[in-house]
Amino acid sequence: EHAWAAPNIPGLEFFTWSRRHIESYLLVSKALLRAIDAGPDAPRFERALREHLPPAADEAAHRVLDAKRLLSPKGPLSRALGRPLPLARIARATREDELHADVLQLFERLRALIG
């Protein structure tokens, strides 16, 4: 469990992500490919994904991965694509079955709180 109640503040909870950066949850290869129109740069971009992204199930690697650098406008994925990555589009392109368990857990907690 990644949440705990704040002492002396009723109703306030903290949540910490298990991965190093929240951007790490955007590193879903299929969603990245759906979100961009790589055109002639597609093979180079796919090669960069294979070089820089650990397997989805390798949580230890994702916990130490510098996702901010990977996804930055000057990072290796943007360089391979030839332009900055559309982060909001990547988030929208991620399908529910591709969401990490941390994200699904937080959504469930929010649904329970909202009713």
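A nonpolar core is a set of buried Ala, Val, Leu, Ile, Met, Phe, Trp, Tyr and Cys residues joined through side-chain atoms within 4.5 Å. With that in hand, here is a walk through this structure, which is a predicted model.

## The overall picture

The chain has seven helices and two strands. Follow the sequence from the start and the pattern reads β-β-α-α-α-α-α-α-α. Of the 115 residues in the chain, 37% are buried. The exposed surface comes to about 7300 Å², and carbon and sulfur atoms supply 57% of that. Among contacts with a separation of 6 or more, 63% are between residues 24 or more positions apart.

## The core and helix α2

Now for the inside. The largest nonpolar core holds 21 residues, and L27, L32, F45, L71, L77 and L85 have the most contacts inside it. Helices α1, α2, α4 (67-71), α5 and α6 each supply at least two residues of this core. The biggest giver is α2, with four residues.

L77 is a handy place to look if you want to see core residues meeting. Setting aside neighbours within four places in sequence, L77 is in contact with L27, F45, A48, L49, L70, L71 and L85.

Helix α2 covers residues 42-52, and its buried residues are A42, F45, A48 and L49. Looking down the axis of α2, these buried residues fall within an arc of 125°, so they line one face of the helix. There is a general reason behind this sort of spacing: an α-helix has 3.6 residues a turn, so residues three or four places apart point the same way. On the face of α2 turned away from the buried side you find the exposed residues R50 and E51. The cover over the buried residues of α2 includes α1 (29-35) and α5 (76-81).

## Salt bridges

A search of the whole structure turns up three salt bridges. Here they are side by side.

| Salt bridge | Closest N to O | Relative accessibility |
|---|---|---|
| K68 and E23 | 3.2 Å | K68: 44% |
| E98 and R34 | 2.4 Å | E98: 18%; R34: 31% |
| E108 and R111 | 2.6 Å | E108: 48%; R111: 47% |

Start with K68 and E23, whose side chains meet in a salt bridge. K68 lies in helix α4 and E23 in the loop between β2 (13-15) and α1, so this pair ties together parts that are 45 residues apart in sequence.

Next come E98 and R34, which also form a salt bridge. E98 lies in the loop between α6 and α7, while R34 lies in helix α1, so the pair ties together parts that are 64 residues apart in sequence. E98 counts as buried because its relative accessibility is 18%, and buried means under 20%. R34, at 31% relative accessibility, counts as partly exposed.

The pair E108 and R111 sits within helix α7, where the two residues are three residues apart and separated by about one helical turn. Both ends are partly exposed: E108 has a relative accessible area of 48%, and R111 has a relative accessibility of 47%.

## Two polar residues in loops

What about T94, in the loop between α6 (87-93) and α7 (101-114): is T94 buried or exposed? T94 counts as buried, at 12% relative accessibility. Leaving aside neighbours within four places in sequence, T94 is in contact with V28, A31, R34 and L99. R34 is the residue that forms a salt bridge with E98.

S24 lies in another loop, the one between β2 and α1. With 1% relative accessibility, S24 counts as buried. Beyond its neighbours within four places in sequence, S24 is in contact with R19, H62, L65 and A67.

## A nonpolar patch on the surface

Finally, take a look at the outside. L104, F107, L110, L113 and I114 make a nonpolar surface patch of about 500 Å². One of these residues, F107, lies in helix α7. F107 counts as partly exposed, at 36% relative accessibility. Helix α7 also carries the salt-bridge pair E108 and R111.

Key
Residues numbered from 1 in each chain as written. Predicted model: local features only at pLDDT ≥ 70, side-chain atom pairs only at ≥ 80, totals over all residues. Heavy atoms only, no water. Buried < 20%, exposed > 50% of the residue type's maximum accessible area, 1.4 Å probe, protein only. Arc of directions from axis to C-beta. Contact = heavy atoms within 4.5 Å. Areas by Shrake-Rupley, 256 points an atom, 1.4 Å probe, with all protein chains shown as cover. Patch = residues over 30% accessible without salt bridge, like charges linked within 9 Å, V, L, I, M, F, W, Y side chains within 5 Å. Salt bridge = Lys/Arg side-chain N within 4 Å of Asp/Glu carboxyl O.
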